[in-house]
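Here are a few friendly notes to read alongside the model. Please keep the viewer open as you go.

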Amino acid sequence: MKKSNAERFITAYNNIDYSLRTIYDFKRSMSFSDVVRRSVVLNSVVRKYEEDLIDYGRLRNAIIHQGNHKYIIAEPHDDIVEKIERLAELISEPPLAVDMVGNKEVITIDAHMSISSAIELIYRTGYSNLPTYDGDRLVGILNGRKLITVLGQKISIGANIQEYITNTTVGEIIGEMGEDYYFILADESLSIDSAMNFFENNRKLLIILITKDGKDTGKPLKIISSADIIDMKKILDVY
């Protein structure tokens with residue numbers, strides 16, 4: 001039998017409530033509005049639709065008779081039901097970043113490659129983020145923006161750039177890029193929402209490298225850069 005709008009609304013509401021409490025380990029004693037407000041800093045979907053979700057909590061109380069949770073006393077409009085169902089899906093089963101965004105191909109390089117060869121590779125492929133491996137282990141990501149900064153520093157002190165890029169390996173220049181956490185590793189279960197949170201919570205973050213298990217010995221599956229944030233927002237808007 002076809003569900004009523006009220007039944008669909010309550011199902012979606014309960015899905016959101018359960019998902020947020022489970023994901024972020026909130027106590028059962030917390031009100032729905034408190035759950036939403038505490039999730040704002042943890043979940044980009046909740047952050048964007050905070051006020052809507054608070055309103056849905058009030059609407060839920062209006063729909064269900066206070067003394068009998070099975071006694072429905074109001075029916076929400078179609079557009080409200082469709083929106084809360086969409087939010088429930090986004091929160092409980094968000095799209096995976098590995099399936100939706102980032103470079104379709106990941107080009108890796110050897111840590112012993114010269115900087116001049118790496119620059120030529122960046123020029124030929126158009127890729128400015130190159131995971132760098134020493135054998136099977138990731139040693140870092142050669143990022144075009146970081147590379148320009150290091151080369152600019154060398155020029156400023158009068159270094160012979162041609163000699164430098166010819167005789168310096170990618171592994172060596174990655175060491176000069178500094179450990180300011182401009183990239184992180186994540187496993188293939190990373191959602192778009194979680195990826196956005198990583199970028200929003202760390203303004204220095206430029207790259208997320210996805211491997212199957214999130215380890216530095218895993219095969220790279222996808223690179224997501226800060227430039228993909230706009231695409232991720234669009235995906236969440238229309239998903």
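**Notes on rings and helices**

1. Phe26 has a relative accessibility of 13%, so this residue counts as buried (under 20% relative accessible area, with exposed over 50% and partly exposed in between; 1.4 Å probe, protein chains only). Tyr13 and Phe32 are buried too.

2. A word on provenance: this is a predicted model, where local features need pLDDT of at least 70, side-chain atom pairs count only at pLDDT 80 or more, and totals for chains, interfaces and linings use all residues. Residues are numbered from 1 along each chain as its sequence is written, and side-chain values use heavy atoms, leaving out hydrogens and water.

3. There are 4 aromatic pairs in the structure (rings of Phe, Tyr and Trp, the last by its six-membered ring, with centres within 6.5 Å). In one of them, Tyr13 and Phe32 have ring centres 4.5 Å apart and planes at 45°, so the pair is tilted (planes under 30 degrees apart are stacked, over 60 edge-to-face, the rest tilted). This pair joins distant parts of the chain, with Tyr13 in helix α1 and Phe32 in helix α2, 19 residues apart. Tyr24 and Phe26 also make a tilted pair, at 5.9 Å centre to centre and 45° between the planes.

4. How do the helices (DSSP runs of H or I, at least four residues, numbered from the N terminus) meet? The axes of α1 (residues 5–24) and α2 (residues 32–39), lines fitted to C-alpha atoms over the stretch in contact, come within 10 Å and cross at roughly 55°, on a scale from 0 to 180 degrees between N-to-C directions. On the α1 side, the contact (heavy atoms within 4.5 Å) includes Tyr13, Ile16 and Tyr24, and on the α2 side Phe32, Val35 and Ser39.

Definitions and conventions:
Helices (H or I, at least four residues) and strands (E, at least two) are DSSP runs, numbered from the N terminus.
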